[in-house]
Structures are given as structure tokens and as C-alpha cells.
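This report covers a structure with more than one chain. Please keep the sequence and coordinates at hand while reading.

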Amino acid sequence: MKKYLRFTYMFVVVAILAAFVGGCAQASTPLPPEIVTIEKTVEVQVEKIITQVVEVINEVIVTPTPQPTAEGSKIILRVGTGDSGEGLNPHQQIIAEFEKQNPDILVQLEAVSGNDYYTRLLTQIAAGDAPDIIQIGDDAVPMFVSKGGFLPLDDFINGNYPLDTSIYLPGTLDPGKYQGAQYFLPKDFSPLAVYYNKKIFDEYNVAYPTDDWTWDDFLKTAQELTKDVDGDGQTDIWGAQLSANWTSGFEYWVAAAGGSLISPDGMSYVGYMDSPETIKAVQFYSDLYNKYKVAPPPADFNLWAGGNPEFESGKAAMRLFGRWPQTGLLSNPNVDLGTVEVPAGDVKANVLFWGGFGIFSGSENPEAAWRFLKYYVGAEGSEIWKLHGIPPVAAVAESAGMTTDPIEGAWIRGLDFLAPRAYVSTDYWGETGDPALRRALETVLIDPNADVTQVMQTAAQEAQAALDEKLK
Amino acid sequence: MNSTSIKTSLRIPRLNLRQREAILFYLCISPWLIGFVLFYLGPIIASFYFSLTEWDLLTSPQFVGMDNYVRLFTRDALALKSFKVTLVYTLVYVPLDMIFGLSLALLLNQKLRGIGVFRTVYYLPSVLSGVAYVVMWMWMFNPQYGLINTLLKYAGIQGPRWLLDPKWALSALIIMSLWGVGRSMIIFLAGLQDIPTVLYEVAEIDGANRWNKFWKVTLPLLTPSLLFNLIFGIILTFQTFTNAFVATNGGPLDSTLFYVLYLYRKAFEHLQMGYASAMAWVLFLIVLACTLVIFLTSGKWVFYRSIGE
């Protein structure tokens with residue numbers, strides 16, 4: 001009995017150890033790591049068997065388009081997107097329209113939501129089995145392109161089915177470029193802006209902000225709207241909700257202070273991440289939280305630091321963020337929404353968040369893929385995108401009245417002041433500069449007495465050491 | 001006559017009982033065996049090879065020898081930090097899990113009406129999907145509006161900032177994980193039910209009180225369950241991922257950067273599959289060593305009750 005039991009235990013233990021080492025080598029079985037299915041068959045002395053399972057975190061939706069029945073000659077294109085739910089509707093509408101006009105092509109939409117999107121794409125690209133047309137977010141462009149995953153589009157743009165690239169809104173083509181060549185066309189984008197709740201402004205008789213405002217105006221407005229309503233010593237209404245340790249969003253503050261986080265050649269953090277301009281930005285940001293106390297304390301330190309509920313629940317007068325929650329805010333009864341450009345610091349600046357489509361380098365039908373891509377994010381597709389967001393084609397946005405729209409206008413006007421994001425300068429931003437900046441922001445947010453100059457010097461040195469190791 | 005000759009020519013070699021049983025045995029376990037070789041053993045061997053290379057998934061692996069291991073031990077401060085975080089978590093969580101699991105099992109081993117309901121209630125959290133309960137706990141730990149700090153406020157205590165405070169974040173994750181104590185509880189409960197009542201009756205006749213009975217009868221006979229929970233607990237906690245990934249993403253200031261979370265980042269965010277494979281192998285060897293040490297010493301403290309004793 002004893003021997004048998006020992007064997008059983010050892011067996012179970014070995015199986016589980018094996019399972020987890022096996023999980024790390026995904027060459028032959030590309031299981032996404034978050035889909036953790038643990039099945040433990042535990043045999044105890046009483047020989048009771050307990051089976052415990054089940055964690056499926058991500059869902060994979062594949063929307064099949066009808067297969068060609070008799071016409072074997074049709075070209076089938078696959079389109080990969082990270083959008084999900086209702087976000088898939090415009091894709092499907094455009095695809096249906098395109099197929100009507102191009103009877104020789106069938107388009108299949110493959111939607112993978114959640115964090116696994118890139119992982120799945122990478123394994124698909126590695127296996128040569130990726131979709132023909134792929135959607136990518138801004139900071140993933142250098143990685144995918146430098147590994148040879150995408151076709152440069154310039155030959156197509158000037159080829160048999162030419163595309164006039166001047167139709168796009170200013171700045172929206174740049175994130176799709178790598179080392180001078182165009183690899184992606186824009187699908188959607190968002191600079192930053194400030195949302196404000198007119199209800200709170202009206203209640204306290206504060207004038208709505210205007211596009212020409214500065215950091216001083218921003219601070220003054222926020223201070224006027226930070227209120228302890230019931231006199232219990234606790235703030236009830238906050239001036240401005242900010243995004244804690246969200247590093248890419250923080251790049252706006254650095255740019256507006258006239259600084260940058262990395263040298264344009266991508267070789268140095270020292271002299272940039274610890275420059276007087278960057279330090280000024282961090283100091284002001286930290287002061288908004290700790291000294292002036294106009295920003296509600298962070299509710300989380302996650303990726304987007306999006307856990308603060310104050311603005312949505314009508315407890316914060318302003319929020320500096322991207323366009324993503326706008327639809328929800330417009331229908332939120334706590335909020336009478338207004339938008340305005342981000343305030344200018346020493347310079348007027350903004351940063352862009354962006355998603356676009358490119359053509360997989362292993363596509364068997366690159367020309368058909370281009371025909372679809374041109375339609376998808378060109379003037380025709382934009383007629384449908386405009387129903388769901390701001391289309392990247394300027395004329396379509398204009399004819400839809402978005403450039404002059406009191407809500408949408410701020411997002412388009414912000415495009416005139418774009419500063420390049422740090423990931424453009426180095427392929428290694430994500431593992432060198434970003435974690436160092438994140439640690440620095442967390443440090444000053446956690447410890448109000450932290451010496452910002454020293455914190456940024458440490459961050460610059462950490463980032464530089466990590467970068468030097470990569471460049472060695 | 002004809003049939004006899006066919007019979008002779010096609011005669012299957014006569015197998016003895018032992019051989020036939022062996023064939024049946026391998027036939028029966030073959031689905032598992034094939035799965036193991038294809039989906040575990042293959043990737044395990046592959047991961048060892050990859051641990052000796054630099055590989056970004058997209059371009060072919062470059063052989064670099066032991067460089068990944070050297071880097072892990074000499075040039076990566078974060079890896080060391082993540083190992084420390086994981087070790088602290090294991091050393092604190094595993095004993096707490098055993099104590100709470102055993103206490104609950106003892107409570108739920110009573111013969112009461114409706115005890116099944118309580119057993120279900122306490123076991124349920126460990127069946128729930130990891131992400132769902134982590135998100136719920138994140139709300140409970142919210143410093144301004146969360147349930148925990150609101151209750152503490154009623155008691156006149158200013159609660160900490162939990163997941164946002166590097167000093168408290170790991171503790172918050174431990175408290176969060178203890179909600180899943182039902183996993184070890186159910187094994188203890190099974191162990192408790194297997195202890196024959198006759199032993200307690202004998203102990204009572206010998207004048208033992210409840211305390212004696214627990215220390216002299218219950219605990220020794222539960223040692224196999226203890227061993228199992230100990231080893232299982234260590235393996236599981238060394239692999240902690242979901243809680244930290246969802247609740248803190250390793251922060252604040254890397255205070256909850258678990259080893260496997262760091263491994264995941266290296267593999268799937270920085271695309272260093274070779275380095276990540278090396279990390280996995282180091283962790284594997286550490287866990288294997290821990291397990292072996294526990295096994296080798298278990299003969300001294302684990303008692304098995306043989307059948308018919």
C-alpha cells in the first residue's frame with residue numbers, strides 16, 4: 001500500500017511538473033498561456049477522485065463567411081482583427097459591400113480578442129499561416145515589421161491600383177511607417193483630450209475650458225472644482241482624473257514640457273529621461289496628485305490605470321484620456337460631456353494612439369489583399385467607419401461634420417500637434433524605457449516626498465543599462 | 001480437417017496471463033501515454049533545446065549555449081527579485097493554506113444536518129474562474145470605495161492602500177488566494193473521513209480527550225494528506241500567475257512580480273522564447289529539488305495505514 005501510494009504521488013507530481021514545463025515550450029502546441037486548463041486527478045488514500053478544472057479566460061470568435069460553392073476560382077482573403085463584440089459590425093458591413101463589388105474575392109474575418117491576439121499572430125506568422133490582412137496597434141509596428149512579418153505598401157500605393165495617401169488626416173499615416181517605408185494604413189486613432197462634465201462646471205460657475213488653455217489654466221480650473229461638499233475633510237468632487245502610471249499616456253506631459261524620453265537616434269535615455277523638461281513634467285504630474293490634490297488617488301496600477309470611477313460617477317470634473325470611453329460617457333446620465341484639447345505646457349503637444357492594417361508577407365494573394373485593404377480603410381470603408389468613430393479619411397470626416405462637431409472636433413484638432421512616441425525611436429522601448437518610466441511614476445505617486453530629480457536620474461540610468469545590454 | 005490446418009498455421013503465440021495483462025495495461029493507458037508524449041514530453045525536450053538558443057518565434061533560433069542561464073544568474077536583477085517574491089509568497093501562503101484548510105475540514109467533518117451545503121459553500125471559490133474572482137477582490141481591495149477598507153473605517157482603522165502599496169500588495173494577494181483554500185480543505189476532508197471511528201473509540205476507552213485524539217489519532221493518520229497538500233501547494237504557488245497578472249501586473253514597483261509572470265513577459269511581451277525556456281527549466285529544477293527533499297524526508301513523518309491493519 002505504501003509503495004503504491006508513493007508511486008501515485010510521484011506520478012501526479014511528475015505529471016504536473018511536466019505540464020508546466022511543457023507549457024513553456026510552445027513550439028509544437030501554441031496554446032495561449034492564459035488559457036489555463038488544469039486538470040488534476042488526485043488519488044488520495046480513500047481513492048476519492050476529485051476532478052477540478054476550468055479556467056477559460058479568452059474566447060476566440062471566428063466568423064466564417066460562406067464558402068464558395070461552385071466557383072473554385074474565387075480568391076479567399078483572411079482578415080485578422082483584435083476587435084470584438086459590437087466592434088466587429090463595421091468590419092462585417094464593409095466586407096459585405098466589398099464582396100458585392102468584387103465578386104472574385106471572398107473575405108473571411110478572424111477576430112481574436114484579448115491579450116492573446118499578438119501571441120496568436122506571432123505563432124501564425126511563424127508558421128506561415130497568418131491572415132492576409134492584419135490589424136496591429138501602434139507600438140507593435142516596429143516589432144512585427146523588423147521581423148519581416150509585413151509587406152511594404154509603397155509599390156502597391158503607386159501600382160495598378162494606386163492610392164492617394166494625401167486623403168488621410170494629418171499624422172495618421174506616420175505610425176504605419178517603419179524606417180521610411182509605409183507598411184500599414186490607418187484604421188482608427190485617438191490623440192488625447194480632456195473630457196469635462198458640464199454639470200459640475202455649471203454647478204460651481206466655472207467657465208468651460210478652451211483649446212488655448214495652458215497647464216496653469218488646467219491647474220486653476222482643477223483647483224476651483226476640487227470640493228469638500230459635506231465638510232468632513234474628505235474631497236468629494238475632484239478637479240481632474242488622471243491615469244496614474246499609464247506610461248504611453250504620460251508621454252503627452254513630457255512632450256508638452258518640451259522634452260522627450262529618448263534621443264531621436266534611439267541610443268540614449270540619459271540626458272532625455274532625466275532632462276529638466278522631463279523632470280518638470282513628472283513634477284507637475286506628481287504635484288497634481290500629491291501637492292494640489294486635485295486628482296483622485298489611483299485606484300489601480302494596471303496597464304491603463306483605468307480603474308478610477310470618479311469621472312463616470314460624476315465625482316470628477318475633468319478627465320485627460322483617449323477617445324475610447326466616449327460613447328459610454330455620452331449616454332452616461334451622470335455626465336453632461338464636453339471635450340477640449342489637452343492644455344499646452346511650454347509647448348502645445350499631443351500623442352497619438354493608433355491601429356492600422358497591413359499585408360502579411362506570406363500572403364498568397366498580395367494584390368487582392370491590397371485591393372481589399374485600399375477599400376477597407378480608404379474612402380469607401382470610411383463611409384462605414386464614420387458611423388462608429390472618426391474615419392481616418394479627412395474628406396469623409398469633414399462631410400460627416402466631425403471636424404466642427406463640439407465633441408469630435410477636439411480629437412481631430414489634436415492631430416495638428418503630434419509629438420513622436422518613444423517606441424518610434426527604438427525597437428526596445430517596451431523592455432527598456434517603459435518599465436523604468438513606469439517604476440518612476442509609481443515611485444512618485446506612492447511617495448509624495450520622493451525627490452523627482454533623483455527618481456528620474458535613476459530611471460534614466462536603469463533604462464540606459466537595459467538598452468545598452470540589448471544593443472551589445 | 002481444413003479448419004484444423006488453418007488453426008495451426010495462424011496460431012497466435014500463446015501468451016501467459018502476465019503478458020496478456022501487460023498488453024491490456026498498455027492498451028488502456030495508451031490515450032494518456034500518447035497525449036503525454038505528444039503534448040508534454042515533446043515540448044519539454046523542445047524547451048530544453050530552445051533554452052540554449054535565442055529565439056523570437058519569427059526568425060529561426062540561434063544557438064547560444066549556456067548564455068541564457070548565465071544571464072539569468074548573473075545579469076538579471078529582476079529575475080532574482082521575482083524569485084524572491086515567489087519564495088516569500090510560497091513560504092507564507094503554503095502554511096496558511098494548510099492551517100486554514102485543515103481547520104475548515106475539521107469543522108466540516110461534523111455530522112450535522114445540511115453539512116453538505118456548507119462543504120459546497122466553502123469549496124465553491126476554488127472552482128471559480130481565476131480572473132472573475134480576482135476582479136471581484138480588486139474591488140474589495142479598492143482603497144477608497146472597497147468593502148474591506150469601508151469595514152475597517154467603521155472599526156476606526158484607516159486601511160492601507162492594499163494593491164497600490166508595495167508593502168501591502170503581496171499580502172493582499174495572499175489574502176485573495178486564501179479564498180481558494182477549499183482545494184486543500186477537500187483533500188483533508190477526504191483524509192478525515194477515511195480515519196476509522198474504531199480508533200477514536202479505542203482512544204476514548206483509553207481516556208483520551210479531544211485534544212489527545214487530535215494529536216495522537218487524527219493528525220498522524222492525516223499525514224499522507226498533509227504530504228500531498230504540501231507538495232501540491234508548493235508546486236502551485238511557485239507557478240502563481242493569474243492573480244498577479246490581473247490584479248497588479250507585477251506592481252507596484254515590482255513588489256508582486258512573480259517568477260512565472262516575469263517569464264511570461266520575457267516570452268510573450270519581449271519575445272525571448274529562449275530566455276523564457278531557460279527560466280522555466282531553472283524553476284522546474286528548483287521545484288523538483290523541493291519535491292524530492294520533501295519526499296525523502298517524508299518517511300520520517302508520514303504514516304500510512306495499511307489495509308487489514
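The text below goes from conventions to chain A, its sheet, selected helices and the nonpolar core.

This is a predicted model, in which local features need pLDDT of at least 70, side-chain atom pairs count only at pLDDT 80 or more, and totals for chains, interfaces and linings use all residues. Residues are numbered from 1 along each chain as its sequence is written, while chains are lettered from A and ligands numbered from 1 in the order in which they are written.

**Chain A overall**

Chain A has 16 helices and 14 strands; these are DSSP runs numbered from the N terminus, with helices (H or I) of at least four residues and strands (E) of at least two. Buried residues make up 47% of its 472 residues. A residue is buried if 20 or more other C-beta atoms lie within 10 Å of its own, exposed if 12 or fewer, and partly exposed in between, with C-beta atoms placed from the backbone. Of the contacts in chain A between residues at least 6 apart in sequence, 71% join residues at least 24 apart. Here a contact requires that the two C-beta atoms, placed from the backbone, lie within 7 Å.

**A four-stranded sheet in chain A**

An open sheet of four strands has the order S11-S12-S10-S13 in chain A, with mixed pairing. Two strands pair if DSSP finds at least two bridges between them. At the edges are S11 (238-241) and S13 (337-341) of chain A, each pairing on one side only. From one strand to the next the twist averages 20°, taken between axes that are lines fitted to C-alpha atoms (for helices over the stretch in contact), with angles from 0 to 180 degrees between N-to-C directions.

Strand S10 of chain A (residues 193-197) runs antiparallel to S13(A) and is joined to it by five bridges. S10(A) also pairs with S12 of chain A (residues 316-321), again in the antiparallel sense, over four bridges. Five of the five residues of S10(A) are buried. A:Ala193, A:Tyr195 and A:Asn197 point one way from the strand, and A:Val194 and A:Tyr196 point the other way. Some residue pairs across these strands are as follows.

| Residue in S10(A) | Opposite residue | Strand of opposite residue |
|---|---|---|
| A:Val194 | A:Val340 | S13(A) |
| A:Tyr195 | A:Arg319 | S12(A) |
| A:Tyr196 | A:Gly338 | S13(A) |

**Helices**

Helix H15 of chain A (residues 433-446) has 14 residues and reaches 20 Å from its first C-alpha to its last, close to the expected 20 Å. The expected span is 1.5 Å times one less than the number of residues. Because 14 of its 14 residues are buried, H15(A) is largely enclosed by the rest of the structure.

Helix H9 of chain B (residues 182-193) has twelve residues and spans 16 Å, close to the expected 16 Å. Ten of the twelve residues of H9(B) are buried, so this helix is also largely enclosed by the rest of the structure. Among the buried ones are B:Arg183, B:Ile186 and B:Phe188.

B:Phe83 is in helix H4 of chain B (residues 77-107) and counts as buried because it has 20 C-beta neighbours inside 10 Å. B:Phe83 and B:Phe238 are 155 residues apart in sequence, with 9.0 Å between their C-alpha atoms.

**The largest nonpolar core**

A nonpolar core is a set of buried Ala, Val, Leu, Ile, Met, Phe, Trp, Tyr and Cys residues joined through C-beta atoms within 7 Å. The largest one has 191 residues, of which A:Ala240 and A:Leu373 touch the most other members. Helix H11 of chain B (residues 210-238) gives the most to this core, with eleven residues. The core lies between domain 2 (60-188 + 353-404) and domain 3 (193-351 + 428-471) of chain A, because both give residues to it; the domain bounds come from an automatic or database domain assignment. Leaving aside neighbours within four places in sequence, the contacts of A:Ala240 include A:Ala222, A:Leu288, A:Val294 and A:Met318.
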